[in-house]
Amino acid sequence: MHPAPSVIFFSTFSGLGFGLLIFLGLGMPATTGFSAFIFFAIAYLLAVGGLISSTFHLGHPERALKAFSQWRSSWLSREAWCAVAALVLMAIYGAGLVFFGQRWTIIGLLGAIASLGTVFTTSMIYGQLKTIPRWNSPLTPANFLSLCIAGGALMAGQTTAAIILLAIAGAIQVATWLRGDTAFADSGTNMATATGLGNIGTVRAFEPPHTGTNYLLREFVHEIGRKHAQKLRIIAIVLMAVLPIFFLLIPFNHIMALLAVVAHVGGVLTARWLFFAEAEHVVGLYYGKR
Amino acid sequence: MTQLPTHTEKKLGLVIDLDTCVGCHACVISCKGWNTENYGAPLSDQDPYGADPSGTFLNRVHSYEVQPAQGDAQLIHFPKSCLHCEDAPCVTVCPTGASYKRVEDGIVLVNESDCIGCGLCAWACPYGAREMDAAEGVMKKCTLCVDRIYNENLPEVDREPSCVRTCPSNARHFGDLGDPNSDVSKLVAERGGMDLMPEQGTKPVNQYLPPRLKDRLAQDEDQIDILAPYLAPVATETKGFLSWLDKTLEKL
């Protein structure tokens, strides 16, 4: 799959923003007033910034409101609803904390659930696709959710929770990669089933339909960078989990916390780039590519 | 609504004969011609006369080489367009309701004024049947020439998809695959029509007829060339200059 920067930035930063909102909604840390304002401002910048960047890859962003209509069947539509619900609920909850010094527990809890729901629906947009065997697994939502919660704990300064959650997220990330590496072969879709010609013999793409490229090849058959995949995986896991845990284990100060966040974001961005770049769509089979 | 209908009154679709397709790409051209001039946004080209041309097509012809365990390789031309699946994954993922499957005939269509161009339907399609038009920013796909098949302004003979009407080798057939007595259904039954990627669970309406068994003359033990006896070499012992040359070269 083509690793579109807008979608990589969207899913990384909005994941982190909604992760922070989850912890704020649960009252961790239990701040009010100006300190709460700073926390909420950061969370909203990340979450809303991510959502806005996701509209950059739309052909017609001016029609984006129509995307609220199909929540019965479409995970993308459900994501839109969850995101709006989370942002509205958390705005009310945040206003209580910032301006009235009040913690409206129920609204915070509902906001946290909606925030979690947003990241879950995002992950299901990818996880539902049978056409991309690497993504078509419960590990995809597990991967997105664990990174969101771990990143949220890190941003919310929940040191002990963050160390445990980062370790879990790292483990799920590694499991996702390992399962993903055999997913295409395990899916049972190959050139024989794609063409239906497998019972005659070995099928090989002889001539493509056109001499030039096309939308399908640009969007779905991305082979650049795969040769560095193993190195990038090591970089990603070190940045996303190992370094932040190290920075959190040594005695706390704000520089170390900042370094932990920067490393984590860099690691998640790398992992998210790999998530797209390594994903192989079955349509590539028709072109003799993957 | 992007929920799929539980039942469609007809299952209009194509039957594509891989045995008779000659790979001329006439269906590709006629499809592009009809669909760029009629229903919906035109099928644009980018840099059509430049160094890196590309464009939107609703129908493309691939060619595959199939090598059996024994015998000669076969070349099979393979036209591919939307298969108008019964369980169309492209429809259910659409967030706006732009993609839909018609109850009356099962055709999968895109309402271009509702499409936000998110591309998710193309991600969900295993067949590469949907292409985002780079100029228009909306998703394009085969409409089964919905503006031809019911069009009373056209002579009756032309009321079928442009690709079917154009095919010079009769490799493309159009009809109701939901009616077991239709010509296309009989053809599928007779020739063992197949689904593409059945394991994806899309239940495609379009069917592909596998190539028939090829002649295997080259492998046959028996001499079947009836002229061969008359063409056998007359002179068993060679004479003259060429004979000398042959022998001399042998000795070297």
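**A sheet shared by two chains and a helix of chain A**

In this predicted model, three strands form an open, antiparallel sheet in the order 1(A)-4(B)-5(B). The edges are taken by strand 1 (202–207) of chain A and strand 5 (74–81) of chain B; each has a single partner strand, so one side of each is left without a neighbour in the sheet. From one strand to the next, the twist averages 40°. Strands of a sheet pair through backbone hydrogen bonds, in either a parallel or an antiparallel manner.

Within chain B, strand 4 (residues 59–67) and strand 5 run antiparallel and are joined by eight bridges. In this pairing, B:Val61 of chain B stands opposite B:Pro79 in strand 5 of chain B. Helix 1 (residues 26–37) of chain B lies across strand 4 and strand 5 of chain B, and runs at about 165° to strand 4 of chain B.

In chain A, helix 2 (residues 33–54) has 22 residues, which at 1.5 Å a residue should span 32 Å; the end C-alpha atoms of the helix are 31 Å apart, in agreement with that value. The buried residues of helix 2 of chain A are A:Ala36, A:Phe39, A:Phe40, A:Ala43, A:Leu46, A:Ala47, A:Gly50, A:Leu51 and A:Ser54. These residues cover an arc of only 125° around the axis, and therefore lie on the same side of helix 2 of chain A. Helix 1 (5–25) and helix 3 (75–99) of chain A are included in what covers these buried residues. On the face of helix 2 of chain A turned away from its buried side are the exposed residues A:Gly33, A:Phe34, A:Ile38, A:Ala41 and A:Leu45.

Note on methods. Residues numbered from 1 in each chain as written. Chains lettered and ligands numbered in written order. Predicted model: local features only at pLDDT ≥ 70, side-chain atom pairs only at ≥ 80, totals over all residues. Pairing = 2+ DSSP bridges. Helix = DSSP H or I, 4+ residues; strand = E, 2+ residues; numbered from the N terminus. Axes fitted to C-alpha atoms, helices over the stretch in contact; angles between N-to-C directions. Contact = placed C-beta atoms within 7 Å. Expected span 1.5 Å × (residues − 1). Buried ≥ 20, exposed ≤ 12 C-beta atoms within 10 Å, placed from the backbone. Arc of directions from axis to C-beta.
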